[in-house]
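Q: Please take a close look at the cysteines of this protein. Which of them are bonded, and where do they sit?

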Amino acid sequence: MDFLEEPFPDVATYEDFHTIDWLREKSRDTDRHRKITSKSKESIWDLTKSLLDAWSGWVVMLLIGLLSGTLAGVIDLAVDWMTDLKEGVCLSAFWYSHEQCCWTSNETTFDDRDKCPQWQKWAELMTGHSEGAGAYVLNYLLYVLWALSFSFLAVSLVRVFAPYACGSGIPEIKTILSGFIIRGYLGKWTLLIKTVTLVLAVSSGLSLGKEGPLVHVACCCGNLFCSLFSKYSKNEGKRREVLSAAAAAGVLFSLEEVSYYFPLKTLWRSFFAALVAAFTLRSINPFGNSRLVLFYVEYHTPWYMAELVPFILLGVFGGLWGTLFIRANIAWCRRRKTTQLGKYPVLEVIAVTAITAVLAYPNPYTRRSTSELISELFNDCGALESSQLCDYINNPNMSRPVDDIPDRPAGPGVYNALWQLVLALVFKIVITIFTFGMKIPSGLFIPSMAVGAIAGRIVGIAVEQMAYHHHDWIIFKNWCRPGADCVTPGLYAMVGAAACLGGVTRMTVSLVVIMFELTGGLEYIVPLMAAAVTSKWVADAFGKEGIYESHIQLNGYPYLDVRDEFTHRTLAADVMRPRRNDPPLAVLTQDATTVEDVEMLIKDTDYNGFPVVVSRDSERLIGFVQRRDLTLAIKNARQKQDGVVSSSVVYFTEDVPQLPASTPQPLKLRRILNLSPFTVTDHTPMETVVDIFRKLGLRQCLVTRSGRLLGIITKKDVLRHMAQMMNQDPESIMFN
């Protein structure tokens with residue numbers, strides 16, 4: 001009789017804040033697959049079912065791609081509209097953003113393409129005056145008020161409906177993919193609230209991006225569709241394959257940054273999901289340029305070897321900024337956790353928004369949305385650019401093709417823009433430290449890129465002016481003739497953005513790919529690679545953890561990082577429990593425990609499972625039984641099998657001996673016993689044990705000596721031991 005057929009409603013597969021058993025999930029899936037394959041030969045219906053089962057993975061990926069692509073497009077469009085709403089409104093159709101409003105206008109001139117009668121700033125709409133101090137103050141005030149109302153709405157929604165929707169979500173997604181259960185983190189409410197509040201948070205003008213939270217949104221979509229297929233909803237290991245692929249479809253860097261377990265078929269599936277998401281995004285066309293990338297750039301000049309020096313210097317800057325940001329942000333977040341500050345999340349968001357809006361408005365580079373700022377910094381100055389950054393002094397008798405404008409001396413507009421950019425750089429560096437980690441959805445990609453792009457553009461203009469004024473210097477002589485177009489400041493901005501992003505997240509490979517994704521520039525692969533690698537080296541010199549690993553550590557999530565080295569010379573015997581003065585290990589015997597004993601053991605302890613031994617004297621190990629399976633089997637047996645009472649003996653052996661007629665009916669539980677639990681000897685180096693836990697995703701492992709059970713090591717013990725070895729507080733690891 002199978003006592004595990006129907007689970008009881010109050011016993012979940014895994015408890016909240018527990019780790020899954022990868023090996024068990026894998027073997028369960030293999031059994032399920034074998035069953036389906038063997039049945040498929042029996043009838044056409046069974047064959048159809050097996051085909052549907054084989055295709056379900058691709059169907060899930062198709063649905064994830066469609067939904068996450070749609071959500072990404074809608075978020076982009078909504079952010080554009082709401083960001084512009086802080087400054088004014090479109091009279092012909094209030095749902096148009098500034099750009100869309102002036103597209104439809106017939107009265108727009110090329111020089112003043114941002115000005116059209118249909119788009120009015122708030123002051124002009126209310127008082128009829130668009131110029132003057134009064135109009136400026138009114139616009140300023142309304143800008144701040146809109147920003148405050150957006151952020152207040154965002155933090156209130158998160159607080160009331162979905163507390164898990166705050167932050168970037170990447171540290172938690174990494175932990176979940178490594179096999180940890182956080183119930184509700186990928187739920188329907190979280191998906192809905194995260195999508196809405198992400199739009200509000202980005203539109204409020206706070207220094208945060210939407211790329212990180214989009215990974216969380218994609219994983220929520222994955223989890224939503226997993227529940228439609230029993231293959232995924234009943235197997236936590238298979239579910240994580242889908243979530244890995246969904247994260248990769250959301251943003252490519254899942255491979256390097258997020259994933260813990262990424263088999264080859266997951267790679268194909270994420271490729272497919274990304275394809276569908278890209279197709280959906282292209283259909284929505286949120287950027288209005290029929291391209292999928294946010295910052296489309298085309299540079300017309302090649303780069304030269306001598307320019308590698310400033311590129312590498314930008315890499316050094318990126319690494320230093322990454323280190324500064326991680327240390328300062330973690331210190332601030334720790335302060336938020338340990339002091340009164342953490343009790344007033346709404347107040348904190350309001351205060352930071354107010355400071356951001358008040359300081360951002362006077363500077364045109366911080367007033368606009370961060371994506372627009374980066375876009376302008378990446379741009380090459382063509383003949384038609386109206387930006388301040390392109391205010392160069394033109395040579396009157398210049399007659400050349402428009403694309404190839406020679407280097408020119410900087411005009412007053414460029415110098416004006418430069419000091420505004422320096423102020424913007426200082427502002428962004430400081431404010432991002434306090435913004436990331438508040439109780440609203442906040443990504444880190446765009447702010448990090450903004451810091452790098454500003455620094456890069458400043459360096460680019462400096463190099464360009466040096467090359468123009470000192471073209472006879474030995475470094476410029478070989479490649480920069482007078483009247484040639486040698487230096488592209490926009491390229492420096494792109495390299496700086498890559499360097500800063502690399503310094504904060506410590507990605508290299510996927511970072512360079514992301515920069516192509518965002519910009520579509522292939523010729524500049526070497527500068528990007530040089531900057532990304534330099535920034536990683538510089539940042540690694542100060543500390544190995546990226547921002548996401550640091551947040552995992554700060555929150556005490558049970559995450560075994562694949563990249564961590566364990567170099568201490570401890571043995572399994574030093575880490576296993578029970579320790580010297582602890583009570584003995586809770587075990588079951590194969591043929592001498594009654595149902596009542598088992599129930600008492602389950603009631604008095606909270607362990608996830610129990611080793612089964614031959615007898616208490618010999619302590620020879622036979623297997624391991626999961627707490628959940630025991631609970632289910634006893635509950636079911638008491639209901640369905642006659643004669644099972646509290647004094648019935650539980651047998652884990654092959655055969656039950658002949659019992660006198662007067663004894664109660666025995667309970668055979670051999671079926672739920674895992675006869676091949678993972679064991680190590682007490683002399684196994686901890687280095688090996690950590691590796692086994694990491695690579696096999698174990699939940700626990702038993703320690704034996706010549707077949708005798710000595711103790712048990714759980715994932716929690718491993719993490720605590722690693723924390724102890726690094727002189728950290730071992731109690732900071734948050735399991736249950």
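A: Here is a walk through the cysteines, with a word on confidence at the start.

This is a predicted model, where local features need pLDDT of at least 70, side-chain atom pairs count only at pLDDT 80 or more, and totals for chains, interfaces and linings use all residues. Residues are numbered from 1 along each chain as its sequence is written, and side-chain values use heavy atoms, with hydrogens and water left out.

pLDDT is the predictor's confidence in each residue, from 0 to 100. Its mean over the protein is 86, and 91% of the residues reach 70 or more. Over residues 7-11, pLDDT stays under 50. Where pLDDT is low, the predicted coordinates should not be read in detail.

Now the bonds. A disulfide is a covalent bond between the sulfur atoms of two cysteines. Here it is called when a pair of cysteine sulfur atoms lies within 2.5 Å. By this rule the count comes to two disulfides.

One disulfide joins Cys 90 to Cys 101, with 2.0 Å from S to S. Cys 90 lies in strand E1 (residues 88-90) and Cys 101 in helix H3 (residues 98-103), so the pair ties together parts that are 11 residues apart in sequence. Helices (H or I, at least four residues) and strands (E, at least two) are DSSP runs, numbered from the N terminus. The torsion about the S-S bond of Cys 90 and Cys 101 is about 75°, so this disulfide is right-handed.

Are these two cysteines buried or exposed? Buried means under 20% relative accessible area, exposed over 50%, and partly exposed in between, using a 1.4 Å probe and protein chains only. Cys 90 has 2% relative accessibility, so it counts as buried. Cys 101 is buried too, at 0%.

Another disulfide joins Cys 102 to Cys 116, with 2.1 Å from S to S. Cys 102 is in helix H3, while Cys 116 is in the loop between H3 and strand E2 (119-121), 14 residues apart. The link of Cys 102 and Cys 116 has -75° about the S-S bond and is left-handed. Both Cys 102 and Cys 116 are buried.

What about Cys 219 and Cys 333? For Cys 219, the closest cysteine sulfur is in Cys 220, and because it is 7.3 Å away, it is too far for a bond. Cys 219 is buried, with a relative accessible area of 0%. For Cys 333, the closest cysteine sulfur is in Cys 166, 11 Å away, so that is too far for a bond as well. Cys 333 counts as buried, at 5% relative accessibility.

Note on methods:
Contact means heavy atoms within 4.5 Å.
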